[in-house]
Amino acid sequence: MSIRARLLLSMVCVCASGAPGVEAQVENLIEEPTPGEWVQGLSAERPEERRAAIRALARLDPPDRDVVQALRSALHDSEAEVRALAAQALAGLGGAAQEAVADLLDALGDPDAEVQAAVATCLGEIGRPAQAAVPALAQALRAPHEFVRAEAARALLHFGRAGLKALMAAQQDPNPEVRFAAGGALSLVGPSRVDELLGVEEDARLGGTPGRRRGARASSAPEVYLTADQVSACVRRLQDPDVEVRVTAATELAQNRLFEPNPAAEKPAPGRLTSLPALPALIQVLADPDARVRERAARAVAEIGAAEGWGRTAPPKAGSTAQTAGAALLALLRDPDPAVRKTSLQGVIRIHHDCPEAAPALIAALSDADAALRSWAIAVLGRSPYAEALVVAALLQVATTGTPEDRAAAIEAIGSLGNQGSTRGGVSAETVDRLLPFLQDETPAVRDAAVSALANLRPTVPGVLPALLGRARGRGGNDLLWAAPDLRRFGAVGAAALEEALGRRDLAPESRMAAAYAVLRITPQSTAGRAAVLAALRERQAGLRRAAATALDWLELDGEEIESGLLTALEDLDVYVRRTCALALARLDPTADQAAPILIGWLRVPWMERQHTASALIEMGASAVPHLVSALSGREERLRAEIATILGRIGRFAQPAVNALRAALADPEAGLRAEAALALGRIGTPARAACAELRRCALEKELEVRLNARFALALLGEGAPGAVDLLIQELKVSPEEDRGLRAFSGLGTGDRPDHACRLLAELGAPAAPAVPALIALLRHEFPQTRDAAREALGAIEAPARAAVPELLLMAKSEDEQDAEGAIVTLGRIGPDARAAVPTLVVTLTDPSGWVRISAALALWRIEGKAGSMMTTLIAGAQDPQMGTQHRALEAIGEIGQAAVEAVPALIGLLENLALRSTHATVVWALGRIGPGARAAIPALREAVLKGDRRVRIAAVRALMRIQRP
């Protein structure tokens with residue numbers, strides 16, 4: 001029976017669904033076509049049959065030679081979509097498709113841009129066996145279509161240094177996505193190769209003509225690596241009489257990568273602060289007569305200062321590098337050149353985002369002659385942590401006297417201040433009243449800005465809703481696009497207006513997408529909104545498909561039509577759409593393992609993407625394990641180590657990976673051995689068969705392998721001697737070495753003391769011998785390490801009672817993060833921290849909502865009874881600050897049955913549609929309270945019918961707990 005006949009028979013079965021048992025009657029007639037029949041399907045007359053055949057062949061695992069040959073033939077199909085799908089299918093085969101390289105190289109010149117993009121992706125997936133494709137991919141970097149150039153750049157990522165020259169040229173591409181992909185490749189290449197390709201000459205450092213001195217180093221590249229000798233050469237050239245030489249030297253120091261390691265070196269020295277010795281010379285050059293030199297030098301000074309103060313909220317210490325750099329930049333804020341002033345101000349904020357001197361400088365910039373600097377200052381003040389009175393007064397002055405563009409921007413900035421999560425954030429009622437006259441302003445842009453700001457700050461102001469409804473019903477191209485986000489704040493009225501707009505046939509696709517997203521934020525079950533988002537997944541514009549995929553991911557919608565749309569979009573030609581839909585599908589249906597290969601492929605991109613992708617794979621659990629095991633046997637060392645980490649995070653559900661992880665313990669790459677050992681320990685009992693290999697690794701010379709192996713044996717109950725002792729040694733690393741390692745890691749995290757603290761936290765009470773060393777870390781200079789030490793002490797619980805005096809001192813700290821973290825840790829230590837009760841009672845009135853909530857929960861954990869702290873938690877659950885509200889709801893849920901008096905307030909929150917983002921947490925808290933929350937049953941039943949997926953699932957569980965006999 002032909003494939004087409006089988007499809008027709010399937011349709012007959014569906015149409016005859018009214019006849020009982022009809023599916024069973026024809027079940028024996030419908031068999032899954034064989035691979036040979038699908039190959040024959042590639043010769044079908046109808047394009048849809050050929051497309052179906054390709055999709056089926058792409059799912060075969062493992063593919064045979066006939067399948068690869070058939071897909072190679074399909075690259076020459078008369079239909080462009082069939083050719084593109086064939087390339088996609090070959091991409092899914094990875095190295096197995098290497099015999100198709102010649103055909104793919106021909107297809108890279110296809111007249112259809114989407115086919116070119118798919119072919120570029122496929123060549124990248126094949127990797128080094130397709131090395132001959134590098135020149136063709138370099139040529140594709142000049143293609144007229146930006147998504148073809150982006151795919152070519154991503155593909156060149158897989159060819160190491162071979163595609164470096166082409167990628168360096170791609171950094172000048174006008175499209176940011178192309179530049180991002182190219183920069184990702186260059187970050188993996190070491191300085192020696194960069195120097196070689198750029199033709200750096202030794203005499204360029206030592207002298208020669210000005211033209212030669214200007215040509216030294218990679219001044220055209222956005223990011224470079226400098227050795228200590230090269231930094232010294234740059235310092236000498238900062239004094240060169242030729243201005244272009246000074247510009248080049250300052251540019252190189254500004255572009256030097258301070259935060260990322262150099263993976264090309266076998267054993268790179270700790271620390272990448274190679275520009276640090278240049279700081280005095282750079283500060284001196286801030287007085288250079290040429291503005292370009294001053295601007296580049298200011299950028300370099302900011303990089304050096306931010307390296308030491310990275311991630312800090314407290315002011316830099318007096319005499320520190322960060323303080324020296326910040327002071328030098330502050331002195332430059334009066335420079336006559338606007339670019340220099342802007343760079344200096346940006347640097348001050350980077351070094352210390354809450355620098356007191358930055359607020360006056362930003363306010364002064366509001367009257368600068370340079371329009372770009374004024375615009376940037378307005379935007380920064382709109383999300384600033386500074387006192388409202390100081391910022392709002394300045395912005396209102398601009399809104400009254402500035403240019404029309406500045407006036408509108410200032411009003412929008414005031415509106416955005418209402419979203420600040422800081423205890424100093426928010427906007428007063430007096431400020432809102434001062435915005436009202438702008439609703440009648442003669443300038444349309446100013447009126448629109450006032451409507452948007454007031455919709456954010458006080459939606460009930462007369463005139464705001466009519467103005468938004470008028471814009472939603474207008475015929476202007478951007479009217480609905482502008483009004484849709486603000487209409488979300490008006491609940492059912494806004495939803496009705498948006499659904500009405502979605503019924504218009506003349507609506508632009510961008511406006512339709514904005515309206516659909518807004519209405520789904522109000523009513524997740526909106527049929528019109530769901531249909532519009534799913535339709536956007538089929539738009540020709542990649543940007544719209546991306547927006548639709550992002551909406552489905554963020555909104556976490558469910559339903560068969562959503563899942564079907566996501567499954568179809570997994571075959572999209574745009575890699576971002578595929579990845580985002582895979583993330584959404586993984587959250588919607590963790591058993592949908594079609595998403596796993598796409599997500600694993602995304603682990604190759606920079607760390608910010610890997611973080612979200614890895615989380616999704618961990619959520620998928622057992623469904624992702626077979627694909628992860630397959631990737632673990634690949635050749636990419638960095639990817640394999642990360643795969644092992646993910647398998648460990650999946651835990652006991654990763655049991656099928658035990659044999660592959662045991663094999664990895666013998667791998668020559670130490671990083672992979674270390675991660676594999678840790679993963680086996682986290683898998684638990686199913687991995688006990690690996691104890692012999694782990695004991696061998698526990699005696700290795702490599703510290704990381706030895707440490708992780710002993711830790712794994714401890715998790716497996718084998719009592720590996722010395723695991724805690726080794727971790728204690730890691731806690732005591734010298735401050736100088738630790739500081740260098742932090743700069744080397746690039747994030748200030750993941751370094752040795754922090755990692756050791758996290759491992760001790762996993763061990764819990766058995767890590768009690770580490771308590772003295774952890775107490776010493778509570779005074780560490782880096783906030784991340786203090787956090788990690790508190791987390792470990794809290795996980796050790798009662799045996800950490802010796803830390804109570806130090807934690808009590810920290811609970812009174814002016815640093816909100818330290819104070820809140822110390823209070824949480826005291827609560828986790830439990831009744832043994834009873835000495836903290838008086839301090840915690842006083843802290844219930846702290847100005848910070850987070851600190852108040854943490855104190856209330858700590859009192860519960862220590863005393864085990866609900867008292868006055870319930871008043872604090874109920875007030876926190878109704879706090880307008882979203883973070884405080886969620887924290888209070890989680891605390892109420894943890895208290896459980898003793899939190900009965902919070903039920904009326906929780907019901908009120910559940911009935912408030914404007915607080916829909918909190919409903920899942922509210923429902924969870926009610927379920928934790930149990931039978932005492934019976935008054936919430938009607939509201940919970942309503943949530944089952946009208947809530948989004950998470951709310952509905954949580955509501956069903958809550959009802960089961962509440963109605964339990």
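**Group meeting: an all-helix model**

I'll start with a loop. E797 sits in the loop between α48 (783-796) and α49 (804-811). This is a predicted model, so please take each value as computed from the prediction. E797 has a positive phi, about 65°, and it is not a glycine. As background, most residues other than glycine have a negative phi. Is E797 buried or exposed, or something in between? E797 counts as partly exposed, because its relative accessibility is 42% and the partly exposed class runs between 20% and 50%.

Now the overall picture. The protein has 58 helices and 0 strands. Of its 965 residues, 54% are buried. The exposed surface comes to about 42,200 Å², with carbon and sulfur atoms supplying 54% of that area. Take the contacts between residues at least 6 apart in sequence: 62% of them join residues at least 24 apart.

Next, the cores. In soluble globular proteins, nonpolar side chains tend to be buried together. Here the largest nonpolar core has 165 residues, and L617 and L661 have the most contacts inside it. What does L661 touch, leaving aside residues up to four places away in sequence? The partners of L661 are L632, A644, L647, A676, A679, L680 and I683. There is also a second, separate core, of 90 residues, and its members include L731, V771, A833 and I907.

On to a helix pair. Helix α20, residues 321-330, packs with helix α21, residues 338-351, at an angle of about 155°, and their axes are 9 Å apart. The two are therefore roughly antiparallel, given that the cut-off for that label is over 145 degrees. The crossing of α20 and α21 is left-handed. On the α20 side, the contact is made by A322, A325, G326, L329 and L330. On the α21 side, S344, G347, V348 and I351 contribute.

One more helix, this time from the point of view of its cover. Which residues of α32, residues 527-536, are buried? They are G529, R530, A532, V533, L534 and A536, so an arginine is on that list along with the nonpolar residues. The cover over these buried residues of α32 includes α30 (491-502), α31 (509-522), α33 (542-555) and α34 (560-569).

Three single residues to finish. E820 lies in helix α50, residues 816-829. E820 is buried, because its relative accessible area is 12% and the limit is under 20%. Not counting residues up to four places away in sequence, E820 touches W850, V851, S854 and R887. E820 and I853 are 33 residues apart along the chain, and their C-alpha atoms are separated by 9.1 Å.

T443 is in the loop between α26 (429-435) and α27 (444-457). Despite the loop position, T443 is buried, at a relative accessible area of 18%. Beyond residues up to four places away in sequence, T443 touches P404 and R407.

G722 is in another loop, between α43 (703-715) and α44 (723-731). Its relative accessible area is 23%, so G722 is partly exposed. How far apart in space are G722 and F711? The distance is 8.9 Å, C-alpha to C-alpha, with their positions 11 residues apart in sequence.

Notes: Residues are numbered from 1 along each chain as its sequence is written. This is a predicted model: local features need pLDDT of at least 70, side-chain atom pairs count only at pLDDT 80 or more; totals for chains, interfaces and linings use all residues. Side-chain values use heavy atoms; hydrogens and water are left out. Helices (H or I, at least four residues) and strands (E, at least two) are DSSP runs, numbered from the N terminus. Buried means under 20% relative accessible area, exposed over 50%, partly exposed in between (1.4 Å probe, protein chains only). Contact means heavy atoms within 4.5 Å. Accessible areas come from the Shrake-Rupley method with a 1.4 Å probe; for residues, only the protein chains shown count as cover. A nonpolar core is a set of buried Ala, Val, Leu, Ile, Met, Phe, Trp, Tyr and Cys residues joined through side-chain atoms within 4.5 Å. Axes are lines fitted to C-alpha atoms, for helices over the stretch in contact, and angles run from 0 to 180 degrees between N-to-C directions. Angles under 35 degrees count as roughly parallel, over 145 as roughly antiparallel, 65 to 115 as roughly perpendicular and the rest as oblique. A crossing is left-handed if the near helix is turned anticlockwise from the far one by less than a right angle, and right-handed if clockwise.
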